[in-house]
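Student: I should like to study one part of this structure closely rather than survey the whole. Would you please choose a pocket and describe what surrounds it, together with the strands and helices that follow from there?

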Amino acid sequence: KPSNPTMTGKTQTSNVTNKNDPKSINSRVFIGNLNTAIVKKGDIEAIFAKYGKIVGCSVHKGYAFVQYMSERHARAAVAGENARIIAGQPL
């Protein structure tokens with residue numbers, strides 16, 4: 001369900017995570033084995049925001065992508081969240 005950013009006080013992150021410039025590719029994180037029936041975009045952003053500024057997040061059936069401002073943030077997210085159990089499934 002869509003949310004109104006003015007109601008939550010948060011700015012919406014983009015749904016665009018498929019830019020092909022090298023800087024974008026290196027700062028993108030693929031999240032596999034995701035229970036997308038339960039886990040939503042807001043949940044993913046809440047989990048991954050602690051690693052750096054998220055500029056984009058796209059959720060698909062069974063997986064998602066998070067696009068960070070920098071490659072350093074993406075690497076930290078991968079190191080910190082790999083194999084974490086979310087909704088009963090290891091990422």
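**The second largest pocket and the sheet**

Tutor: In this predicted model, the second largest pocket is lined by S14, V16, T17, N18, K19, K23, S24, S27, V55, Q67, Y68 and M69. Its volume is about 160 Å³. By character, the lining consists of six polar, four nonpolar and two charged residues. At least two of the lining residues come from helix 2 (22-26), and at least two from strand 3 (63-68).

Strand 3 leads us to the sheet. This is an open sheet of three strands in the order 1-3-2, paired antiparallel. Strand 1 and strand 2 (54-60) stand at the edges with a single partner strand each, so one side of each has no neighbour in the sheet. From one strand to the next, the twist averages 15°. In general, the strands of a sheet are paired through backbone hydrogen bonds. Four bridges join strand 1 and strand 3 in the antiparallel sense, and I31 stands opposite A64 in strand 3.

Two helices may now be added. Helix 3 lies across strand 1, strand 2 and strand 3, and runs at about 135° to strand 2. Helix 4 (residues 71-81) also packs on the sheet, where it touches strand 1 and strand 3; the direction of helix 4 makes about 25° with that of strand 1.

Finally, consider the loop between strand 1 (28-31) and helix 3 (41-48), where N35 is placed. N35 counts as buried because its relative accessibility is 17%, under the 20% cut-off. Beyond its neighbours within four places in sequence, N35 is in contact with A87 and Q89.

Conventions
Residues numbered from 1 in each chain as written. Predicted model: local features only at pLDDT ≥ 70, side-chain atom pairs only at ≥ 80, totals over all residues. Heavy atoms only, no water. Buried < 20%, exposed > 50% of the residue type's maximum accessible area, 1.4 Å probe, protein only. Contact = heavy atoms within 4.5 Å. 1 Å grid on protein atoms, 1.4 Å probe; cavity = no way out; pocket = protein on both sides within 12 Å on 5 of 7 lines; lining within 4 Å. Points joined across faces, edges and corners; volume = space filled by probe spheres on them. Nonpolar A, V, L, I, M, F, W, Y, C, P; charged D, E, K, R; others polar. Pairing = 2+ DSSP bridges. Axes fitted to C-alpha atoms, helices over the stretch in contact; angles between N-to-C directions.
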